[in-house]
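Trainee: Please give me a close look at helix packing in a single part of this model. I would then like to see some individual residues elsewhere placed beside that account.

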Amino acid sequence: MSAAEMTPQTRAWLDQPALARLWDRLRDRLERGGLQVRGRLRLDGVTAAEREALALLTGRPYTGDAVSIALPDLDAQLRTGAAERGLVEVVAELRGPLTDRPAARDARRAAAEAVWAAADHALRSHGLADAAWSGPWLEEVRRAGTLARLAPENARRLIVQAIDVMALLAGPASSGAGLASGSPGAAGLPGRGELAERVTGTAHGLDDGTLLARIVLRAVARSLDVAPPQDARSRRELWEAAGVAVDRVSTTVLTHGLAPLGDEPTVRLLRDRTRAGFETHLTLRDLNRMTWRLPPDTEVFVCENPRVVEAAADRGCTRPLVCVSGNPTTTALTLLDALHAAGARLAYRGDFDWPGIAIANRMIGRYAARPWRMRATDYEQHVATARDRGTPLPPLTGAPVDAVWDPELTPAMTALGVAVQEESALELLLADLLSPEDPPA
């Protein structure tokens, strides 16, 4: 029998019930102490059978119901006795492999730090380390603990893939476009499936329900300063706001009064609906079929709330109007990009609240659009009118946003402290949308 093997008789004696509490306590003690044999172990309330077995094991007599055992002495006794091995080996033989808990904890900590180091490196490599959203987003993901439940290599791959997606959405850091500058991603980016395949190797890598999609959308929400999505519709809208088409038919942009030139079937259909006074929802698929040619000196009005389109249609307004329905989607941006490229001048109107100002900043910056009744004097007039009518206005919430087109607007909003929704100025907007040829209401 080799010294590395324990005889069945020795093992059976060591594994007797009277010594079970000793080995259980020792396992916990050794694992917590990094498998170091040091100090003493005290057992209280020992029975007569335990006292006898402990005396035979250690070679020392015990009296009373408390026993204190020096672990180095027990280790030496086991090595020179029938076990022929030390204390750590005996406990492992009787209770299964032991874990060096401090070492395992250090290894987990090091592996976790390696994940975040990889994330930091990826952000720097893509020029996103200084983006306003990146630090808070990483901290949010870290606090959530989701990645900590994955194998370190899986966690590292996932967070790097998420950053790779954000880099594609942001575009070149020097371009001034995309999420890197806080504006919606450029229209023309691939659909979600194509984007997923480029980053993960599978078209389903960013499907709803995947952890990668959830983490990316958290980053997108922070980059656009909007709330994280809570349902399928808000997830789709957030992808669209980032410039990613979930598909090309389910999301539309609402229009009224557009009358492009040309004989393409989609163009003729849009023109016919405009002549009939109907509003039209255009899909991304529709837009991809169209070549835009416009009458000279066309000005297109852009609003945020569909109620403006509805009222314009009811009133018989004929000036071109596009509704982006909040944060502009890929479909809305594709249309506005095409109209802008075709020579249209754009006039933009949104809500007088901080998210509305942020959207207006992006739209006015992207298209050199004319602010449409969105200056400080307009805001003050809307507030005065609402108060004269006794109409309650909601308070402004969140951090103030500077309006790039009017340095007096943000101070005026901060001073009055109320938000004014777009439809509160509906009559003024409709008056602008009536052309000289339109009949009076």
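Mentor: The account below begins with helix packing and then turns to single residues.

The model is predicted, so local features need pLDDT of at least 70 and side-chain atom pairs count only at pLDDT 80 or more, while totals for chains, interfaces and linings use all residues. Residues are numbered from 1 along each chain as its sequence is written, and side-chain values use heavy atoms, without hydrogens or water.

Consider helix 6 (residues 101-125) and helix 7 (residues 134-144), whose axes come within 12 Å and cross at roughly 160 degrees (axes are fitted to C-alpha atoms, over the stretch in contact, and angles between N-to-C directions run from 0 to 180 degrees; helices are DSSP runs of H or I with at least four residues, strands runs of E with at least two, numbered from the N terminus). The two helices are therefore roughly antiparallel (over 145 degrees; under 35 is roughly parallel, 65 to 115 roughly perpendicular, the rest oblique). Their crossing is right-handed (the near helix is turned clockwise from the far one by less than a right angle). Helix 6 supplies Glu113, Trp116, Ala119, Asp120 and Leu123 to the contact, and helix 7 supplies Ser134, Leu138, Val141 and Arg142 (contact means heavy atoms within 4.5 Å). By class, five of these residues are nonpolar, one is polar and three are charged (nonpolar: Ala, Val, Leu, Ile, Met, Phe, Trp, Tyr, Cys, Pro; charged: Asp, Glu, Lys, Arg; polar: the others, Gly among them).

Helix 7 also packs against helix 8, at about 150 degrees and with the axes 13 Å apart. This angle makes helix 7 roughly antiparallel to helix 8, and the crossing is again right-handed. Here Trp137, Leu138 and Val141 of helix 7 meet Ile159, Ala162 and Ile163 of helix 8. The residues of this contact comprise six nonpolar, no polar and no charged. Leu138 and Val141 thus appear in the contact with helix 6 and in the contact with helix 8.

Helix 8 (residues 152-170) also holds Gln161. Gln161 is buried, with a relative accessible area of 14% (buried is under 20%, exposed over 50%, partly exposed in between, with a 1.4 Å probe and protein chains only). Beyond its neighbours within four places in sequence, Gln161 is in contact with Val199, Thr200 and Leu212.

Helix 4 (residues 71-80) offers another view of burial, its buried residues being Leu71, Leu74, Asp75 and Leu78. Because they cover an arc of only 105 degrees around the axis, they lie on the same side of helix 4 (the arc is that of the directions from the helix axis to the C-beta atoms). An α-helix has 3.6 residues a turn, so residues three or four places apart point the same way. Among the elements that cover the buried residues of helix 4 are helix 1 (8-14), helix 2 (20-32), strand 1 (40-44) and helix 5 (87-95).

In the loop between helix 4 and helix 5 lies Glu84, which is partly exposed at 43% relative accessible area. Its phi is near 55 degrees, a positive value in a residue other than glycine. Asp297 likewise has a positive phi of about 55 degrees without being a glycine; Asp297 lies between helix 13 (284-288) and strand 5 (299-303) and counts as exposed at 63%.

Trp405, in the loop between helix 17 (376-389) and helix 18 (409-416), is buried at 11%. Its contacts beyond four places in sequence include Ile357, Ile364, Pro371 and Met374.
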